[in-house]
Amino acid sequence: MLKNWEEAGDAIDSGLKVPGEEQNKDLTKLHKLLEGHVRKARLARQKRERARAERVSRVKKVWKHCSSTGIQLGRVPLVSTVTDDVDDDVNEEDEWGESRWHDHHPHTGRLPEQSGGEWSWPCMFVYPSHKQSDFVPTFAESEMIALRMAEMFPEVDNDGGDDEETEMPWDYNNEFRCSKLALYFEVHCTEGEGNIIHPDFVSRLKDQGATMRFYEASRALKGDEGPEMTEVARCAERRRLHKQRKDWKKKHGSLWAKPDQCPVVRIHPAMTLKDVLVDKRM
């Protein structure tokens, strides 16, 4: 059963408007029978349209803020394969990762928020040595990096000496203390003339439209818009990934011919998040 109540309601309304069919018993009966379902479906559509209008407004504000401050936005692939079959260019772990992408990229599809004139960003801290990460949903632009690190990795009580354990269960050497940590950000190359970005790397969002499409696709893939829109978004992302792979292989021969790792820049603890975001190398 399709349960396309709104379309059914529109068809019945159109039928009743036909001259001579105003009192059609079958249409009138259907109208009364489906009236509740049709009303709920129309209200649900109106709610979705209002929500989308609000999201568009938020993306416009974010883009305006980034444009005025020099902050560059980027995107990552939202799928790892181009078909339902196992891809020769990826391994089985990537196939598993596609179905769970939102668990590995919780920042994707989230927008920075503005409150009281202050912008806060979702941030990801990655610890490659331990294959761990932390996700901070709201990190204020004016917040000093050192203060956030002290909150995340507090100094331990020295009464127990160097053997005192930190709070992280995965920190088996008890190394993750604020005073012992160094923080870096990656330098991402942006597209230039003849410069193709590898599908696994970050590519720049060049305009407001691209930003909106990326945000909507990430929401759809998480299931926020229902299974049909999830499949539509997946197909669109796979088409984009296929083109990226095709362009890269045409120029470099293979997806395994990856560029060197992105260089990193060490962050001074006294810097604020905004100092990092506006850095031209970011």
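**Entry 1: strand β5**

I began with β5 and found that its side chains alternate: Leu183 and Phe185 point to one face and are buried, whereas Tyr184 and Glu186 point to the other face and are not buried. I note the general rule that side chains in a regular strand alternate between the two faces of the sheet. I record here that the model is a predicted one.

I then asked which strand is joined to β5, and by how many bridges. Strand β7, residues 264-267, is joined to β5 by four bridges, and the two run antiparallel. I looked up the position of Leu183 in this pairing and found Ile267 of β7 opposite Leu183.

**Entry 2: the protein as a whole**

I counted the elements next: the protein has eight helices and seven strands. The protein has 282 residues, and 34% of them count as buried. I also looked up the contacts between residues at least 6 apart in sequence; 61% of these join residues at least 24 apart.

**Entry 3: the sheet of β2, β3 and β4**

I turned to an open sheet of three strands, whose order is β2-β3-β4 and whose pairing is antiparallel. Which strands lie at the edges? They are β2 (113-115) and β4 (132-140), and each of them pairs on one side only. On average, neighbouring strands in this sheet are turned by 25 degrees against each other, if direction is ignored. I recall that strands of a sheet pair through backbone hydrogen bonds, either parallel or antiparallel.

I followed β3, residues 118-127, along its partner β4 and found seven bridges between these antiparallel strands. I noted two of the positions. Ser120 has Ala140 of β4 as its bridge partner, and Tyr127 stands opposite Gln132 in β4.

Two helices lie across strands of this sheet. Helix α2, residues 25-69, lies across β2 and β3 and runs at about 80 degrees to β3. Helix α5, residues 145-152, lies across β3 and β4 and runs at about 130 degrees to β4.

**Entry 4: two residues with positive phi**

I examined the hairpin of β3 and β4, which has four residues between the strands. Lys131 is found in this loop between β3 and β4, and its phi is near 50 degrees, a positive value in a residue other than glycine. Is Lys131 buried or exposed? Lys131 has a relative accessible area of 78%, so I entered it as exposed.

I looked up Asn174 as well, whose phi is positive too, near 55 degrees, in a residue other than glycine. Asn174 has its place in the loop between α5 and β5 (183-186). Its relative accessible area is 14%, and because buried means under 20%, Asn174 counts as buried.

**Entry 5: helices α1 and α2**

I note that two packed helices are described by the angle between their axes and the distance between the axes. For helix α1, residues 5-17, and α2, the angle is about 135 degrees and the axes are 8 Å apart. The two helices are therefore oblique to each other. The crossing in which α1 passes α2 is left-handed.

I listed which residues make this contact. From α1 they are Trp5, Glu6, Ala8, Gly9, Asp10, Ile12, Asp13, Gly15 and Leu16. From α2 they are Leu27, Thr28, Leu30, His31, Leu34, His37, Val38, Ala41, Arg42 and Arg45. The residues of the contact of α1 with α2 divide into nine nonpolar, five polar and five charged.

**Entry 6: helices α6 and α7**

I closed with helix α6, residues 208-221, and helix α7, residues 227-252. The axes of α6 and α7 come within 8 Å and cross at roughly 125 degrees. That angle makes α6 oblique to α7. I recorded a left-handed crossing where α6 passes α7.

Which residues of α6 and α7 make the contact? On the side of α6 they are Ala217, Ala220 and Leu221, and on the side of α7 they are Met229, Thr230, Ala233, Arg234 and Glu237. I sorted the residues of the contact of α6 with α7 and obtained five nonpolar, one polar and two charged.

Key: Residues numbered from 1 in each chain as written. Predicted model: local features only at pLDDT ≥ 70, side-chain atom pairs only at ≥ 80, totals over all residues. Heavy atoms only, no water. Pairing = 2+ DSSP bridges. Axes fitted to C-alpha atoms, helices over the stretch in contact; angles between N-to-C directions. Contact = heavy atoms within 4.5 Å. Parallel < 35°, antiparallel > 145°, perpendicular 65-115°, else oblique. Left-handed = near helix turned anticlockwise from the far one by under 90°. Nonpolar A, V, L, I, M, F, W, Y, C, P; charged D, E, K, R; others polar. Buried < 20%, exposed > 50% of the residue type's maximum accessible area, 1.4 Å probe, protein only.
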